[in-house]
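Me: Before accepting any label in a structural description, I would like to hear the reasoning behind it. Could we go through the terms one at a time, setting each value against its criterion?

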Amino acid sequence: MRKYLLPMLYTIFIIFYLISGIFNFVYDRVKMPEEQKLDISQFYAENMKQIDEKTFVAITNDPQFIFLNNENIDIHTIKYTLKQGGTGSKALYYITQKDNVWSARKMLLPKAKEQREVKYILPKNNIKSIRLDVSGTFVEIIEFDEIIINYRPKFIEYFSVTYMQIAKFIVIPLIISSVILYFYDLYEHYFKKQ
């Protein structure tokens, strides 16, 4: 049992990950609404000063663009393209109908690693609001080209992984394996005493 438990858990995790990616791809192909362009004017710019129609300058090192989904648009995916963007990392935060607080638990990292085109695949929740964190430095200029929701990601994009997912994949099976073996040893010890 000890010899095969950990490889079995890793195999289960890999199978679950593949099934999850295939399910999400099929679900989006069936349920996703038509692709739609958003205008930056539909976003509330925080920690930013607007220079012209699509150009902003950061007044802190935490510029944010908040989209209040007042029309209850069904948002599955989002991508935005920058003519000139922040040099820091990009992140997307989302709020569902069940909560009203920005949280690191509801944070996504881009599917694409490029600085200009940034893509996200959102979870299957009723999205109430999204926040684009175009991280950069103070007085950095951020110029949007376009923002598109419900774009059709390529099949492979549903299987891209982040460093956090890799860390979880390595650590969680180890923890589960340790717990199972601990209780197994207790069980054996108890019955041997009997």
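Me: What makes the set that includes Phe-65, Ile-78 and Tyr-80 a nonpolar core?

Reply: In this predicted model, the largest nonpolar core has 27 residues, and those with the most contacts inside it are Phe-65, Ile-78, Tyr-80, Leu-92, Leu-122 and Phe-144. The label requires buried residues of nonpolar type that are joined through side-chain atoms within 4.5 Å. Strands 4, 5, 6, 7, 9, 10 and 11 each give two or more residues to this core. Apart from it lies another core, of seven residues, among them Met-32, Ile-121, Tyr-151 and Tyr-158. As a general matter, nonpolar side chains tend to be buried together in soluble globular proteins.

Me: Which residues is Leu-92 in contact with, once its neighbours within four places in sequence are left aside?

Reply: With the cut-off for contact set at heavy atoms within 4.5 Å, Leu-92 is in contact with Ile-78, Lys-106, Met-107, Leu-108, Tyr-120, Leu-122, Ile-130, Arg-131 and Leu-132.

Me: Why is Val-134 called buried?

Reply: The term applies under 20% relative accessible area, and Val-134 has a relative accessibility of 0%, so it counts as buried. Val-134 is found in strand 10, and its C-alpha atom is separated by 9.9 Å from that of Leu-82, although the two residues are 52 apart along the chain.

Me: How do you know that Lys-37 and Glu-146 form a salt bridge?

Reply: The criterion asks for a side-chain nitrogen of Lys or Arg within 4 Å of a carboxyl oxygen of Asp or Glu, and the closest N and O atoms of Lys-37 and Glu-146 are 3.5 Å apart. Because Lys-37 lies in strand 1 and Glu-146 in strand 11, the pair ties together parts that are 109 residues apart in sequence. The structure holds six salt bridges.

Me: Is Lys-37 buried or exposed, and what is Glu-146 called?

Reply: Exposed means over 50%, and partly exposed covers the range between that value and 20%. Lys-37, at 59% relative accessibility, therefore counts as exposed, whereas Glu-146, at 28%, counts as partly exposed.

Me: What links Lys-79, Glu-117, Lys-119 and Glu-157 in a network?

Reply: These four residues are linked by salt bridges. Lys-79 forms one with Glu-117, the closest N and O atoms being 4.0 Å apart, and this pair links strand 6 to strand 9, 38 residues apart. Lys-119 forms another with Glu-157, where the corresponding distance is 3.6 Å; Lys-119 lies in strand 9 and Glu-157 in the loop between strand 11 and helix 2. Set against the cut-off for burial, Lys-79 at 17%, Lys-119 at 14% and Glu-157 at 13% count as buried, while Glu-117 at 22% is partly exposed.

Me: Why are strand 2 and strand 8 called edge strands?

Reply: Five strands form an open sheet in the order 2-5-10-7-8, with antiparallel pairing. Strand 2 and strand 8 each pair on one side only, and this is what places them at the edges.

Me: How do you know that strand 5 and strand 10 pair?

Reply: Pairing calls for at least two bridges between the strands, and five bridges join strand 5 to strand 10, so the criterion is met; the two run antiparallel. One of the residues concerned is Gln-64, whose bridge partner in strand 10 is Asp-133.

Key:
Residues numbered from 1 in each chain as written. Predicted model: local features only at pLDDT ≥ 70, side-chain atom pairs only at ≥ 80, totals over all residues. Heavy atoms only, no water. Helix = DSSP H or I, 4+ residues; strand = E, 2+ residues; numbered from the N terminus. Buried < 20%, exposed > 50% of the residue type's maximum accessible area, 1.4 Å probe, protein only.
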